[in-house]
Amino acid sequence: MTTATKQRYHFDQVGSYLRPQALKDARAAFAVGEITKEALVQVQHDEIHDLVHHQHEVGLKDVTDGEFARSWWHLDFLWGLNGVERYVQEDSYAFHGEKTRTDNVRLTGKIAFNPNHDFFADFEYLKSVAPEGTEPKTTIPAPTLLFRDGRSDRALDFYDTWEDYLDDLAAAYHDTLQHYYDLGSRYVQLDDTTWAFLISKLNEFSDNPAERAKAKYEKIAEESVYVINKALDGLPDDFKISTHICRGNYKSTYLFEGGYAPVAKYLGDLHYDTYFLEYDDIRSGDFEPLPAIWNNREDVTIVLGLVTSKSPKLESATDIKQRLSDAATLVPLDNLALSTQCGFASTEEGNALTPDEQWAKLKFIKQIADEVWG
């Protein structure tokens, strides 16, 4: 993939936003049958319309629908693929200090692209209300999310080999991305917690003689590179695909910790145009892995998430600019950008801050980006 025709934004945002109370009320009413699906969608559309204009006003050049039409950052999309089903598992996801709901996804047959996926209609509405001069961006989970939490345990019930399953998964994503392009999309982001999961596991075995256990996670990393690149290769040259490497984001808590070093070489082999990397606290490690991730690709952008979306407190602008300067000793400044480390509401529950504090964070980032990059 070449990125010669793709726009680079030095001020960008991961994608999700706090759900307005009117939207929460509408979703609750729909869940108990008090309003129709059409009424719910109308509320979603009204709130997305206001959201994209607010994003434009704060200075963002790309706008998302805030993930307002979904409950989870990942599961709603996965449920919409062919060959999967939604189910309720026994255990929830154990974040630090919080437990989530118990929804999950599993295979019911061969996985495939769904041309009638609800997310396509969501994109078409976003495109219709995106203010002039902005680019609509869609966020979906990376295919690697199906490698964990038992989601692919049934694969060999439907496939002769594991490799056949990986090829179908890559094809389902490739066709999904191509369909987004055909609808007019030029910027899609694949959100991915698998790399943070692998960081935690590879760190666990870094000084451990259990080489077989370590090899298991290295194999997941290698298969992740294979599937992602096969999904991305052959897409149009002017189609920008980014990824967000997430450590978990639920009610201002997290799942994983550890620096990028154990997976940097794999990330550097991925054919993404833009990487959103979390760097808002000590859990993320230092900047030393950045050159391996950038991998001397002149058109790759690394978006440093130096501002937290988990709390309302504003960081020191001086400290943020110093950290950008430090990173620029390893990767050219023009290949860097700035954002929050994650979205503000990866699930509909949202993080522990108010809408006003959310917008203050983005105005703060815009001010710094203007001072650093002009």
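Is D167 buried, partly exposed or exposed? D167 counts as partly exposed, because its relative accessibility is 24% and the buried class ends under 20%. Keep that residue in mind. A quick caution before we go on: this is a predicted model.

Let's stay with D167 and its partner. K230 makes a salt bridge with D167, and the closest N and O atoms are 3.1 Å apart. K230 sits in helix α8 and D167 in helix α6, residues 162-182, so this pair ties together parts that are 63 residues apart in sequence. K230 is partly exposed too, at 39% relative accessibility.

Next, a salt bridge within one helix. K366 and D370 meet through their side chains, at 2.6 Å from N to O. They are 4 residues apart in helix α12, residues 355-373, so about one helical turn separates them. K366 counts as partly exposed, with 23% relative accessibility. D370 also counts as partly exposed, at 37%.

Helix α12 has another residue worth a look, K363. Its relative accessible area is 52%, so K363 is exposed. Now find G59. The C-alpha atoms of K363 and G59 are separated by 7.8 Å, although the two residues lie 304 residues apart along the chain.

What about buried charge? E67 and R70 are both buried. They form a salt bridge, with the closest N and O atoms 3.9 Å apart. There is also a salt-bridge network, which links D12, D62 and K137. Over the whole structure, the search finds 15 salt bridges.

On to the empty space. Rolling a probe the size of a water molecule over the atoms shows where empty space is left.

How much space lies in the largest pocket? About 610 Å³. Its lining has 24 residues. Those nearest the centre are R27, K37, A69, D76 and D118. Four helices each supply at least two lining residues: α1 (21-31), α2 (37-58), α3 (75-79) and α4 (118-129). Helix α2 gives the most, with 5 residues. By class, the lining of this pocket divides into 9 nonpolar, 5 polar and 10 charged residues.

The second largest pocket has a volume of about 240 Å³. Its lining residues are F147, R148, W162, F197, K201, K216, Y217, K219, I220 and E223. Two elements give two or more residues to that lining, α7 (194-204) and α8 (211-232). Helix α8 gives the most, 5 residues. Helix α8 is also where we met K230. The lining of this second pocket has 5 nonpolar and 5 charged residues, and no polar ones.

Now the cavities. The search of the whole structure finds 3 of 30 Å³ or more. I will take the second largest cavity, at about 100 Å³. Several residues already named help to line this cavity, including E67, A69, R70 and K137. Also in the lining are D65, F119, D122, F123, L126, T138, T139 and Y180. Helix α4 and strand β7 (138-141) each supply at least two of the lining residues. The largest share, 4 residues, comes from α4. The classes here are 5 nonpolar, 2 polar and 5 charged.

So E67 and R70 line this cavity, and they are the buried salt-bridge pair from earlier. K137 lines the cavity as well, and K137 belongs to the network with D12 and D62. A69 appears twice: in the lining of this cavity, and among the residues nearest the centre of the largest pocket.

Last topic, the nonpolar packing. In soluble globular proteins, nonpolar side chains tend to be buried together. Which residues touch the most other members of the largest nonpolar core? L190, W195 and L304 do, in a core of 102 residues.

Zoom in on L190. Leaving out residues up to four places away in sequence, L190 touches I140, P141, A142, P143, Y173, L177, L232, I241, S242, T243, H244 and Y272. Apart from the largest core lies another one, of 6 residues. Its members include V14, Y187, F276 and A337.

Two places to revisit on screen. One is the K230 and D167 contact, 3.1 Å between the closest N and O atoms. The other is the second largest cavity, with E67 and R70 in its lining.

Definitions and conventions. Residues are numbered from 1 along each chain as its sequence is written. This is a predicted model: local features need pLDDT of at least 70, side-chain atom pairs count only at pLDDT 80 or more; totals for chains, interfaces and linings use all residues. Side-chain values use heavy atoms; hydrogens and water are left out. On a 1 Å grid over the protein atoms alone, a cavity is a set of points where a 1.4 Å probe fits but cannot get out, and a pocket is an open set with protein on both sides within 12 Å along at least five of seven lines; lining residues have an atom within 4 Å of a point. Grid points are joined across faces, edges and corners, and a volume is the space filled by probe spheres set on the points. Ala, Val, Leu, Ile, Met, Phe, Trp, Tyr, Cys and Pro count as nonpolar, Asp, Glu, Lys and Arg as charged, and the others, Gly among them, as polar. A nonpolar core is a set of buried Ala, Val, Leu, Ile, Met, Phe, Trp, Tyr and Cys residues joined through side-chain atoms within 4.5 Å. Buried means under 20% relative accessible area, exposed over 50%, partly exposed in between (1.4 Å probe, protein chains only). Contact means heavy atoms within 4.5 Å. A salt bridge is a side-chain nitrogen of Lys or Arg within 4 Å of a carboxyl oxygen of Asp or Glu.
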